[in-house]
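Take a walk through this protein chain, one part at a time. Keep the 3D view open and find each piece as it is named.

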Amino acid sequence: MKLKAVIGLEIHVQLNTQSKIFSSDPNIFGEDPNTQISPISVGYPGTLPKLNIQALRKAIVMGIACHCDINMNSEFSRKHYFYPDLPKGYQITQHEESICKNGYIDLNINSGIKRIRFEKIHLEEDAGKSMHLENSDQSAIDLNRAGVPLIEMVTRPDLSTAEEAYQLLINVRRLVRYFGISDGDMEKGSLRCDANVSLREENSEDLRDKVEIKNLNSIRFVRNAIELEIKRQHKIYTEGGKIESHTRAYDDMKNITFPTRSKEMAHDYRYLPEPDLPQFILSQEFIEGVKNEMLPLPEILQKELQQNYELTKDDTELLIFDFDLLNYFRKAAVENNSELTMNWIKGPVKQHLNQYDIDIVDFPIDPLKLKGLLLLINNGDINHNIASKKIFPLMLKEREKTAKQIWDELNVEIKSDVSSLKQMVEQAVSMFPDKVEAYSNGKKGVVELFMGQVMKASKGTADPALSRKMIIETLNNKNSKK
Ligand code: MN
């Protein structure tokens with residue numbers, strides 16, 4: 001019996017709207033507890049929710065980004081459950097008619113592209129937070145988060161490894177950042193994930209009972225927890241045991257999952273249509289308006305970059321998810337040799353950014369000036385070594401100068417270096433006429449003696465290769481004149 005894992009994810013993303021989804025309370029993270037609230041967040045009787053159109057727009061953006069059908073007639077429902085941080089006793093969410101349906105994200109997996117389908121992406125409100133006070137048996141409630149807009153992305157059970165789940169989350173995080181709808185920060189809780197894991201026999205579609213791992217708060221933990229869970233279930237089945245549906249949590253310190261709720265405790269949410277919010281009907285113009293304000297989809301931008309700049313897929317991925325870097329690249333791109341620009345961005349430029357821990361917007365060399373340097377290389381005026389070791393470091397210091405100016409100045413320096421080196425060589429040679437004689441008689445080793453003299457005279461600053469060449473030239477000259 002060969003068992004395969006079947007994994008589905010429920011991904012919650014907090015939207016970065018200015019205000020909450022059903023009220024004008026501010027949507028800000030990290031403020032003092034219970035300061036970003038009003039009677040609506042607190043769920044007082046008699047208050048009425050009103051949909052924040054920005055939350056709706058952002059949900060549609062994610063839907064379009066994930067190739068979903070946008071539902072022109074969607075509606076909200078109440079999902080009932082009791083929890084101390086849910087003051088109304090129900091969450092306003094979407095149940096039957098969610099705003100987006102049937103999307104997908106294509107993953108680049110080693111073996112090729114794997115399509116992970118979404119059943120739906122729906123809008124809902126976040127709950128508050130229970131805080132278990134340290135050194136106390138008491139808990140406190142912070143309702144600042146109550147009413148923060150969320151999208152919940154529900155995949156189909158298309159994932160079969162922990163690595164695929166990890167890659168999917170990386171993709172989701174990139175997309176929400178790319179479109180600017182969320183910071184996607186798992187540590188702050190802006191991106192959260194629950195994973196459903198079950199095993200099935202190969203060649204059988206029968207799904208076994210699934211285990212839900214809840215509240216995974218880092219992308220790495222998602223991968224770890226799923227891996228552990230697959231192994232755990234595998235072991236139980238191969239030993240002849242049975243698994244019943246239940247919920248587990250992940251302990252990252254111990255790297256284990258442990259059960260939290262059994263099936264008997266499963267919720268019956270008693271969904272019912274939210275009577276305080278009418279079904280909302282979208283017009284095609286509204287959808288078009290959202291589309292027109294969106295950035296091009298990453299895959300379209302990627303094609304454009306591949307065509308216009310002949311970049312590799314990996315290189316385009318570096319650029320499409322970092323707009324400032326993309327803008328820098330476009331300005332610094334050398335015609336018909338954008339690979340050169342890309343290599344410099346990945347090489348010396350990135351090195352400088354990493355060393356000083358800064359972003360490309362704070363990089364001291366203007367992209368057009370970098371392009372000037374790259375043109376010198378491209379035209380064959382200078383080699384890569386001089387560009388990166390001599391000119392580039394000076395450009396970092398003297399921002400107002402162009403590469404050409406620095407190169408011209410260096411040229412003068414190099415020329416004067418050459419003439420003073422020539423003097424030193426002449427002097428050394430004239431000091432030892434017998435060694436010049438010896439050289440002409442085939443004692444080539446005397447070059448080392450002159451090298452030593454030149455190094456001494458220049459205090460070790462003379463370029464060895466150039467000195468050797470000059471010494472040999474001078475010796476040959478002397479002897480041919482005789
Ligand atoms: Mn949810």
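Start at a boundary. Between domain 1 and domain 2, two residue pairs are in polar contact, counting pairs with both residues at pLDDT 80 or more. Helix H2 (53–65) and helix H3 (162–178) each supply at least two residues to the side of domain 1 that touches domain 2. H3 gives the most to that side, with three residues. Bear in mind that this is a predicted model.

Now step back to see the domains themselves. The chain is divided into domain 1 (3–285), domain 2 (296–410) and domain 3 (418–480). The centres of domain 1 and domain 2, taken over C-alpha atoms, are 40 Å apart. Eight residues from domain 1 and ten residues from domain 2 take part in the contact.

How much area do domain 1 and domain 2 bury between them? The figure is about 780 Å², and 59% of it lies on carbon and sulfur atoms. Three residues stand out on one side. Asn108, Arg174 and Tyr178 supply 68% of the area that domain 1 buries against domain 2, more than any other three residues.

Charge plays a part here too. Side chains of opposite charge can pair when their charged atoms come close. One salt bridge is found across the interface of domain 1 and domain 2. Look for arginine 174 and glutamate 317: their side chains meet in a salt bridge, at 3.5 Å from N to O.

Widen the search to the whole structure, and 28 salt bridges turn up. One of them joins the side chains of arginine 117 and aspartate 158, at 2.8 Å from N to O. Why does this pair tie together parts that are 41 residues apart in sequence? Arginine 117 lies in strand S7 (residues 112–125), while aspartate 158 lies in the loop between strand S10 (149–155) and H3, so the salt bridge links those two parts.

Next come the strands. Strands of a sheet pair through backbone hydrogen bonds, either parallel or antiparallel. Begin with an open sheet of three strands, in the order S5-S4-S15, with antiparallel pairing. Strand S5 (90–93) and strand S15 (272–273) stand at the edges. Each has a single partner strand, so one side of each is left without a neighbour in the sheet. Strand S4 (residues 77–80) is joined to S5 by four bridges, and the two run antiparallel. To find the match, pick serine 77: its bridge partner in S5 is threonine 93.

A hairpin follows. Strand S8 (residues 129–132) and strand S9 (residues 139–142) run antiparallel, joined by four bridges. Serine 130 stands opposite isoleucine 141 in S9. Six residues sit between S8 and S9 in this hairpin. One residue in the turn, asparagine 135, has a positive phi of about 55 degrees.

Finish with three strands further along. Strand S11 (residues 191–201) pairs with strand S12 (residues 211–216) in the antiparallel sense, over four bridges. Here valine 197 stands opposite valine 211 in S12. In which sense do S12 and strand S13 (residues 246–251) pair, parallel or antiparallel? They pair in the parallel sense, over three bridges. Isoleucine 213 has arginine 248 in S13 as its bridge partner. Trace the path between these two strands. The chain leaves S12, passes through helix H4 (residues 219–238) and reaches S13. This β-α-β crossover is left-handed.

Terms used
Residues are numbered from 1 along each chain as its sequence is written. This is a predicted model: local features need pLDDT of at least 70, side-chain atom pairs count only at pLDDT 80 or more; totals for chains, interfaces and linings use all residues. Side-chain values use heavy atoms; hydrogens and water are left out. Two strands pair if DSSP finds at least two bridges between them. A crossover is right-handed if, with the strands pointing away from the viewer, the path from the first strand over the helix to the second runs clockwise. Domain bounds come from an automatic or database domain assignment. Contact means heavy atoms within 4.5 Å. Buried area is the accessible area (1.4 Å probe) that two parts lose on being put together, summed over both. A salt bridge is a side-chain nitrogen of Lys or Arg within 4 Å of a carboxyl oxygen of Asp or Glu. A polar contact is a pair of N or O atoms within 3.5 Å; within protein, one must be able to donate a hydrogen and the other to accept it, and residues adjacent in sequence count only if both atoms are side-chain atoms.
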